[in-house]
Amino acid sequence: PAHNRLLFARLALVEREMRVQLGRNSNVFMWKIENWSKVFREAKSGQVPFLFSDPFYASYPGYKICLKVFPNGAEEVKNEFLSVGLCIMKGDFDHVIE
């Protein structure tokens with residue numbers, strides 16, 4: 001019902017804010033991948049071999065990065081392991097980082 005939708009919307013906002021605060025204050029990034037079974041199935045079939053996380057900053061000021069996940073593995077570990085990569089992106093603080 002409407003009450004549940006409102007509750008879930010509030011929960012999503014709190015979760016998003018928590019992710020932002022954790023990422024900003026403690027260098028912790030949480031990424032919840034919804035519907036893992038479907039994601040894994042699509043990766044195994046080759047439809048969607050990888051996913052990107054939302055971008056985040058490693059520190060303040062710091063590098064803007066995101067994660068790249070291959071649920072069914074990448075290259076030589078395909079069909080054996082989950083693979084995770086770190087992508088460094090162009091960010092707002094690049095001019096002050098040495």
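**Aromatic, polar and cysteine side-chain arrangements**

In the predicted model, Phe-50 has a relative accessible area of 31% and is therefore partly exposed, a class that lies between buried (under 20%) and exposed (over 50%), as assessed with a 1.4 Å probe on protein chains only. Local features need pLDDT of at least 70 and side-chain atom pairs 80 or more, whereas totals for chains, interfaces and linings use all residues. Numbering starts from 1 along each chain as its sequence is written, and side-chain values use heavy atoms, without hydrogens or water.

Five aromatic pairs were counted, with ring centres of Phe, Tyr or Trp (six-membered ring) within 6.5 Å and planes under 30 degrees apart classed as stacked, over 60 as edge-to-face and the rest as tilted. In one of these, Phe-50 meets Phe-52 in an edge-to-face arrangement, with 5.5 Å from centre to centre and 80 degrees between the planes. Like Phe-50, which is partly exposed, Phe-52 falls in the partly exposed class, in this case with a relative accessibility of 46%. Phe-50 and Phe-52 also belong to a cluster, linked by ring pairs, that takes in Phe-70.

A further edge-to-face pair is formed by Tyr-57 and Phe-93, whose ring centres are 5.1 Å apart and whose planes make an angle of 70 degrees. Because Tyr-57 lies in strand β2 (residues 56–57) and Phe-93 in the segment after β4 (83–89), this pair ties together parts that are 36 residues apart in sequence; helices (H or I, at least four residues) and strands (E, at least two) are DSSP runs numbered from the N terminus. The two partners fall into separate accessibility classes, since Tyr-57 is partly exposed at 23%, whereas Phe-93, at 18%, is buried.

Asn-72 is placed in the loop that runs between β3 (64–70) and β4, and its relative accessibility of 5% puts this loop residue in the buried class. When neighbours within four places in sequence are left aside, the contacts of Asn-72 (heavy atoms within 4.5 Å) include Phe-40, Ala-43 and Lys-44, as well as Val-77, Lys-78, Asn-79, Glu-80 and Phe-81.

Two salt bridges were found, each requiring a side-chain nitrogen of Lys or Arg within 4 Å of a carboxyl oxygen of Asp or Glu. One of them joins Lys-32 to Glu-34, with 3.9 Å between the closest N and O atoms. Both of these partners count as exposed, Glu-34 having a relative accessibility of 53% and Lys-32 one of 52%. In the other, the side chains of Lys-38 and Glu-42 meet at an N to O distance of 3.8 Å. Lys-38 and Glu-42 are four residues apart in helix α2 (residues 36–45) and so are separated by about one helical turn. Here the residues are partly exposed, with relative accessible areas of 39% for Lys-38 and 21% for Glu-42.

The structure contains zero disulfides, a disulfide being a pair of cysteine sulfur atoms within 2.5 Å. For Cys-66, the closest cysteine sulfur is that of Cys-87, and the 4.2 Å between them is too far for a bond. Cys-87 likewise takes part in no disulfide, its nearest cysteine sulfur being that of Cys-66. With a relative accessible area of 5%, Cys-66 is buried, whereas Cys-87, at 21% relative accessibility, is partly exposed.
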